[in-house]
Amino acid sequence: MWKRVLREATVRQPWSMIASKRCLSSPPTSKSASVDTLLLRYLKEHYVEVSKMNPPPKMNPPSEFSIVKGALDGNGPVLTRTYGNEEIKLSVMRMAYAVPGGVEDDENDEDMNQLFLHVDVSKPGQDKSLHFLCGLYPDALGVHSVSLRPKLDSADFLEVTATYNGPQFAELDERMRDAFHGFIEERGVDEKLFNFLQAWLYVKEHRSLMRWFKTVGMYINENKPAKSS
């Protein structure tokens, strides 16, 4: 699986152990230069390796949704659409990354097929929006919570507010829960979004990993100790 290969590229070499063993007996200046050189080499190797990986096939979201410009480089909404006078914004993250301890088993692909979907429904002239936190799966969508919260800028889209967020969704009357499900499904929020959002997350994670290797390498290279004359 593409995602598994991406994970393995970051854990194949025990960098800190290798560096400490090889440089333990070196003088301080020599040790620092050796560690930097070794680390830069591994960063470059992994950067090249990840850059050669083929991403998932390109996918388009359902036709009623548009991709938010610059979403791959930010933490805000991914998709947006209008529904009557409402604006619908969707943001996504992996459930495995949202739940503590959720990524301990790298071989559990089922965890990677569970997404957290944030659905924000806003209306013009209103200072609050209706926010749904949902679990999105290949064949289903489940609502975890519903809250009325202040409108947030894109940069703060996933911010957790300290105000009362309403009752536990599971404690609501079954008919009300079904009605809330129907509310967002009528606005196009359902399991048909999964394939696009899954592929989108792969691309985002790949780009983020590439950027991390590159920027860390640039920082270390620019701060290497000056050679003595």
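Trainee: What percentage of the 229 residues of the protein chain count as buried?
Mentor: In this predicted model, 37% of the 229 residues count as buried. Buried means under 20% relative accessible area, exposed over 50%, and partly exposed in between (1.4 Å probe, protein chains only).

Trainee: What are the ground rules for numbering and confidence?
Mentor: Residues are numbered from 1 along each chain as its sequence is written, and side-chain values use heavy atoms, with hydrogens and water left out. Because the model is predicted, local features need pLDDT of at least 70 and side-chain atom pairs count only at pLDDT 80 or more, whereas totals for chains, interfaces and linings use all residues.

Trainee: How many helices and strands does the chain have?
Mentor: The protein chain has seven helices and six strands. Both are DSSP runs numbered from the N terminus, helices being H or I of at least four residues and strands being E of at least two. Read from the N terminus, the order of elements is α-α-α-β-β-β-α-α-β-β-β-α-α.

Trainee: In which order do the strands sit in the sheet?
Mentor: The six strands form an open sheet in the order β1-β2-β3-β4-β5-β6, with antiparallel pairing. Two strands count as paired if DSSP finds at least two bridges between them. At the edges are β1 and β6 (140-150), each pairing on one side only.

Trainee: Starting at β1, how many bridges hold it to β2?
Mentor: Two bridges join β1 and β2, in the antiparallel sense. In that pairing, Ile67 stands opposite Leu79 of β2.

Trainee: And how many bridges are there between β2 and β3?
Mentor: There are five, and these strands also pair in the antiparallel sense. One partnership is that of Thr82 with Glu87 in β3. The two strands form a hairpin with two residues between them. Gly84, in the turn, has a positive phi of about 65 degrees.

Trainee: How many bridges join β3 to β4?
Mentor: Eight bridges join β3 to β4, and the two run antiparallel. Within this pairing, Ser91 stands opposite His118 in β4.

Trainee: Is that His118 buried or exposed?
Mentor: His118 has a relative accessible area of 11%, so it is buried. The residue belongs to strand β4, which spans residues 115-122.

Trainee: Which strands does α7 lie across?
Mentor: Helix α7 lies across β1, β2, β3, β4 and β5, where contact means heavy atoms within 4.5 Å. Helix α6, for its part, lies across β2, β3, β4, β5 (128-137) and β6.

Trainee: What share of the chain's contacts is long in sequence range, at 24 or more positions apart?
Mentor: Such residues account for 61% of the contacts in the protein chain with a separation of 6 or more.

Trainee: Changing topic: how many salt bridges does the structure hold?
Mentor: The structure holds seven salt bridges. The term denotes a side-chain nitrogen of Lys or Arg within 4 Å of a carboxyl oxygen of Asp or Glu. Side chains of opposite charge can pair when their charged atoms come close.

Trainee: Which residue forms a salt bridge with Arg207?
Mentor: Asp73 does, with the closest N and O atoms 3.0 Å apart. That pair links distant parts of the chain, Arg207 being in helix α7 and Asp73 in the loop between β1 (66-67) and β2 (79-83), 134 residues apart. Arg207 is partly exposed because its relative accessible area is 33%. Asp73, Arg207 and Arg211 are linked in a network of salt bridges.

Trainee: What about Glu86, and which partner does it have?
Mentor: Glu86 forms a salt bridge with Arg187, at 2.6 Å between the closest N and O atoms. This pair too links distant parts of the chain: Glu86 lies in strand β3 (residues 86-94), and Arg187 in the loop between α6 (174-186) and α7, 101 residues apart. Both Glu86 and Arg187 are buried.

Trainee: Where do Arg41 and Glu45 lie?
Mentor: Both are in helix α3 (residues 28-51), four residues apart, which is about one turn of the helix. Their salt bridge has its closest N and O atoms 3.7 Å apart. Arg41 counts as partly exposed because its relative accessibility is 40%. Glu45, with a relative accessible area of 37%, is partly exposed.

Trainee: Last one: how far apart are Asn221 and Leu39 in space?
Mentor: Their C-alpha atoms are 9.9 Å apart, although 182 residues separate Asn221 and Leu39 in sequence. Asn221 is part of helix α7 (residues 194-222). Its relative accessible area is 43%, so Asn221 is partly exposed.

Key:
Axes fitted to C-alpha atoms, helices over the stretch in contact; angles between N-to-C directions.
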